[in-house]
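Here's a quick tour of a protein chain, strand by strand and then as a whole. Have the viewer open and follow along.

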Amino acid sequence: MRKGGLKSVDKVIAVASCKGGVGKSTTSVNLAFALRAQGYKVGIVDTDLYGPSLPTMVTPENPEVAFENGGSEIIPVEAHGVKMMSMGFINPTDSMVVRGARAAPLVEQMLTRTQWGELDFLVIDMPPGTGDIQLTLSQSVSIDAAVVVTTPQRLSFADVVKGVEMFDKVGIPCVAVVENMAFWQNNELSKRVEALLDEGASSSPLLPEATRKSLLDLVSAPQYIFGKGHRKRLAEMWGIENTYALPLEPALSEAGDSGCPFYLTGASSNPSIASQYDRLASDVVTEIHNLEKTKAARPEVIFDATRNMVVSITKGGEEQIISPVELRRRCRSPTNIKELITDDVKPIDIFPMGNYAVQILWNDGHQSLMPYASFVEGLL
Ligand SMILES: Nc1ncnc2c1ncn2[C@@H]1O[C@H](COP(=O)(O)OP(=O)(O)OP(=O)(O)O)[C@@H](O)[C@H]1O
Ligand SMILES: [Mg+2]
């Protein structure tokens with residue numbers, strides 16, 4: 001069960017990116033409202049402490065944040081049936097100047113002290129990067145799945161790799177990749193050219209229909225300014241089939257500044273973008289439900305003191321063993337200094353974390369979060 005106010009939250013989805021400004025908040029907000037439109041109980045949390053954007057993007061019906069139990073419990077604000085929390089709602093005038101290691105506990109407090117009530121999905125708009133705060137949150141909140149946002153420049157593929165690997169390290173599956181601002185389509189120009197052609201047709205000899213059509217296709221064609229993106233490689237490398245290319249669309253950024261999400265206001269004028277968000281929402285739901293099956297099949301991991309071995313037992317009773325020292329060497333946490341691992345290192349507690357990982361508390365005070373795959377690789 002999750003901690004504090006998160007206890008009745010069923011699934012947690014992280015929306016993340018390595019770089020800032022690629023459209024995480026835009027994706028988080030529109031994903032949350034698309035999920036709501038599909039009938040789910042949804043919450044969204046903005047984890048940016050020093051430049052929160054949720055208050056600008058979505059105006060709550062009642063912007064006053066209420067506190068209960070002597071201030072220890074925070075009641076989320078709400079808009080169009082979606083619960084929301086951000087440091088910008090709690091402290092609208094001051095932006096906070098906490099970063100790095102000090103930011104993580106504050107974000108965790110905001111997340112767990114908020115009384116989310118029963119939610120099907122909580123969308124976390126993660127801070128950019130692959131540092132401590134992202135890892136701490138991934139571990140402490142027990143995130144079920146991640147959506148990685150990127151822009152499709154050739155160099156940014158390295159960022160997608162970093163993002164997916166960061167989640168992979170803590171056993172959180174990346175279920176979708178959004179390529180934001182992937183292309184540009186000049187709808188205004190298309191409309192004007194079409195009007196001019198109609199106007200011209202009434203006064204001068206008709207343009208052949210085929211020429212007219214080719215001209216209109218030409219001006220309305222999407223321009224892939226940065227190339228066609230990374231879809232193929234994503235599918236090949238991680239089997240990630242769920243990719244979405246969203247255009248550079250002024251209506252998306254205008255909605256972002258207006259206090260009302262694009263998904264609610266711009267959908268009628270721009271149905272193709274709204275349908276991409278719908279598809280993202282349904283794919284994330286489907287993927288998360290499929291993960292349940294994998295979860296049901298996950299092994300049990302124990303420390304067998306008599307053999308001095310960590311044992312992973314599958315549902316079918318198959319055992320895999322690994323020595324504590326070897327397992328500790330496989331811990332990829334940046335605080336795990338390989339040179340300092342001693343021969344008498346032992347786990348003192350092992351418990352499941354997320355869908356694909358276990359947390360291990362070691363006798364020297366170190367904590368590891370390791371995917372089940374860590375026990376299988378290079379079996380003893
Ligand atoms: N597809 C799009 N078309 C046009 N503008 C967009 C699009 N996506 C996002 N924007 C705009 O780009 C800016 C950055 O987007 P957003 O705030 O969602 O990014 P972010 O990754 O959350 O940034 P940060 O790292 O600062 O939190 C915003 O002004 C937003 O309105
Ligand atoms: Mg943001």
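## β2 and β7

Strand β2, covering residues 42-46, runs parallel to β7, and five bridges hold the pairing together. If you want a spot to zoom in on, try V45, which sits opposite I124 of β7. Keep in mind while you look around that this is a predicted model.

## β7 and its other partner

What else pairs with β7? Strand β1 (residues 9-16) does, again running parallel, with six bridges between the two. Here V9 is the residue facing L119 in β7.

Is β7 mostly buried or exposed? This strand spans residues 119-125, and six of its seven residues are buried, so the rest of the structure largely encloses it. Buried here means a relative accessible area under 20%.

## A three-stranded sheet

Further along the chain there's an open sheet made of three strands, in the order β11-β12-β13, and the pairing is antiparallel. The edges are taken by β11 (300-304) and β13 (319-322); each has a single partner strand, so one side of each has no neighbour in the sheet. On average, neighbouring strands in this sheet are turned by 25° against each other, ignoring direction.

How many bridges join β11 to β12? There are five, and the two strands run antiparallel, with β12 covering residues 309-313. For a concrete pair, look at V301, whose bridge partner in β12 is S312.

## The whole chain

Now zoom out. The chain has 14 helices and 16 strands, and its C-alpha trace spans about 95 × 50 × 35 Å along the principal axes. Of the 380 residues, 47% are buried.

How much of the contact map is long-range? Take contacts between residues at least 6 apart in sequence: 68% of them join residues at least 24 apart.

## Surface and charge

The accessible surface adds up to about 18200 Å², and carbon and sulfur atoms account for 53% of that.

As for charges, the chain carries 35 positive and 45 negative ones. How far apart are the mean positions of the two sets? They are 4 Å apart.

Definitions and conventions:
Residues numbered from 1 in each chain as written. Chains lettered and ligands numbered in written order. Predicted model: local features only at pLDDT ≥ 70, side-chain atom pairs only at ≥ 80, totals over all residues. Heavy atoms only, no water. Helix = DSSP H or I, 4+ residues; strand = E, 2+ residues; numbered from the N terminus. Buried < 20%, exposed > 50% of the residue type's maximum accessible area, 1.4 Å probe, protein only. Contact = heavy atoms within 4.5 Å. Areas by Shrake-Rupley, 256 points an atom, 1.4 Å probe, with all protein chains shown as cover. Lys, Arg positive; Asp, Glu negative; His and termini not counted. Charge placed at Lys NZ, Arg CZ, Asp CG, Glu CD. Pairing = 2+ DSSP bridges. Axes fitted to C-alpha atoms, helices over the stretch in contact; angles between N-to-C directions.
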